[in-house]
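Work through the exercises below with the model open. Try each task before reading its solution.

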Amino acid sequence: MHLLINMGRLNDASDILEQSKNFGLSGNKIREIEDILGKSYKDTISSKELNSLLGLYNSRKFEKALEYGHSLAIQFPGTPSILHLLGAIKSALGMVKEARLDYQRVLEIKPDSSDTYNNMAILLKRTGHLDNAKLAYKKAIVLHPSYIDANYNFANLYICYYQMLDIFFLLYFLYHIYQ
């Protein structure tokens with residue numbers, strides 16, 4: 001139960017708590033978990049705050065989004081959705097290393113985040129780390145096989161590989177012709 005709460009899966013923890021009560025469990029431990037859940041919900045970011053951050057990102061106000069995202073990250077530390085958006089914002093600002101760290105932190109907290117693997121792969125591809133991008137796309141697709149964006153991006157990665165091979169063979173051919 002504590003693990004679910006620490007992972008931010010408050011709805012799952014609440015469901016298990018309710019099921020436990022339905023089976024007749026009661027006492028200090030149940031009250032303790034209810035208290036922890038109550039405090040956790042208070043410490044959880046609201047959809048209004050998250051939508052405000054997303055709105056700044058979508059309207060391409062990256063500097064403002066970064067500032068607001070940092071304030072939210074301080075207020076709600078370790079929240080995967082904030083860290084994920086901060087990674088996207090930093091990526092848009094060209095802060096590649098910082099974006100990659102944010103994505104890695106999300107994956108430490110929420111290793112089943114196919115969106116984060118997809119965004120990490122996009123970042124890796126853009127910085128020339130094609131083999132690592134391929135692995136990240138594969139993880140996104142394994143976690144969510146019908147994830148259209150990850151499948152599309154993965155296919156484009158192979159197009160990029162083939163274009164590189166074409167260029168290599170063209171250069172090889174030209175080199176041998178003019179030797």
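**Exercise 1. The salt bridge**

Task: Which side chain meets Asp 102 in a salt bridge, and which helices hold the pair?

Solution.
- Step 1. This is a predicted model. Apply the cut-off: a side-chain nitrogen of Lys or Arg within 4 Å of a carboxyl oxygen of Asp or Glu.
- Step 2. The side chain of Lys 90 passes, at 2.8 Å from N to O with Asp 102.
- Step 3. Place the partners. Asp 102 belongs to helix α7, and Lys 90 to helix α6 (residues 80-92), so the salt bridge ties together parts that are 12 residues apart in sequence.
- Step 4. Check exposure. Buried means under 20% relative accessible area. Both Asp 102 and Lys 90 are buried.
- Step 5. Count. The rule gives 1 salt bridge.

**Exercise 2. The second largest pocket**

Task: Find which element gives the most to the lining of the second largest pocket.

Solution.
- Step 1. Start with the volume of the second largest pocket, about 160 Å³.
- Step 2. List the lining: Arg 100, Gln 104, Leu 107, Tyr 117, Met 120, Leu 124, Asn 132, Leu 135, Ala 136 and Lys 139.
- Step 3. Assign elements. Those giving two or more residues are α7 (96-109), α8 (114-126) and α9 (130-143).
- Step 4. Pick the top contributor. α9 gives the most, with 4 residues.
- Step 5. Sort the lining by class. It has 6 nonpolar, 2 polar and 2 charged residues.

**Exercise 3. Two loop residues**

Task: Is Pro 111 buried, partly exposed or exposed? Then classify Arg 60 and state the sign of its phi.

Solution.
- Step 1. Locate Pro 111 in the loop between α7 and α8.
- Step 2. Its relative accessible area is 46%, so Pro 111 is partly exposed; the exposed class needs over 50%.
- Step 3. Look across the fold. Pro 111 and Lys 139 are 28 residues apart in sequence, with their C-alpha atoms 9.9 Å apart in space. Lys 139 also appears in the pocket lining of Exercise 2.
- Step 4. Move to Arg 60, in the loop between α4 (47-58) and α5 (62-75).
- Step 5. Arg 60 has a relative accessible area of 65%, so this residue is exposed.
- Step 6. Read the backbone. Phi of Arg 60 is near 65 degrees, a positive value in a residue other than glycine.

**Exercise 4. A nonpolar patch**

Task: Which residues form a nonpolar patch on the surface, and what accessible area do they have together?

Solution.
- Step 1. Select the members: Ile 167, Leu 171, Phe 173, Leu 174, Ile 177 and Tyr 178.
- Step 2. Together they have about 660 Å² of accessible area.
- Step 3. Place one member. Ile 167 sits in helix α10 (residues 148-177).

Terms used:
Residues numbered from 1 in each chain as written. Predicted model: local features only at pLDDT ≥ 70, side-chain atom pairs only at ≥ 80, totals over all residues. Heavy atoms only, no water. 1 Å grid on protein atoms, 1.4 Å probe; cavity = no way out; pocket = protein on both sides within 12 Å on 5 of 7 lines; lining within 4 Å. Points joined across faces, edges and corners; volume = space filled by probe spheres on them. Nonpolar A, V, L, I, M, F, W, Y, C, P; charged D, E, K, R; others polar. Patch = residues over 30% accessible without salt bridge, like charges linked within 9 Å, V, L, I, M, F, W, Y side chains within 5 Å. Areas by Shrake-Rupley, 256 points an atom, 1.4 Å probe, with all protein chains shown as cover. Buried < 20%, exposed > 50% of the residue type's maximum accessible area, 1.4 Å probe, protein only.
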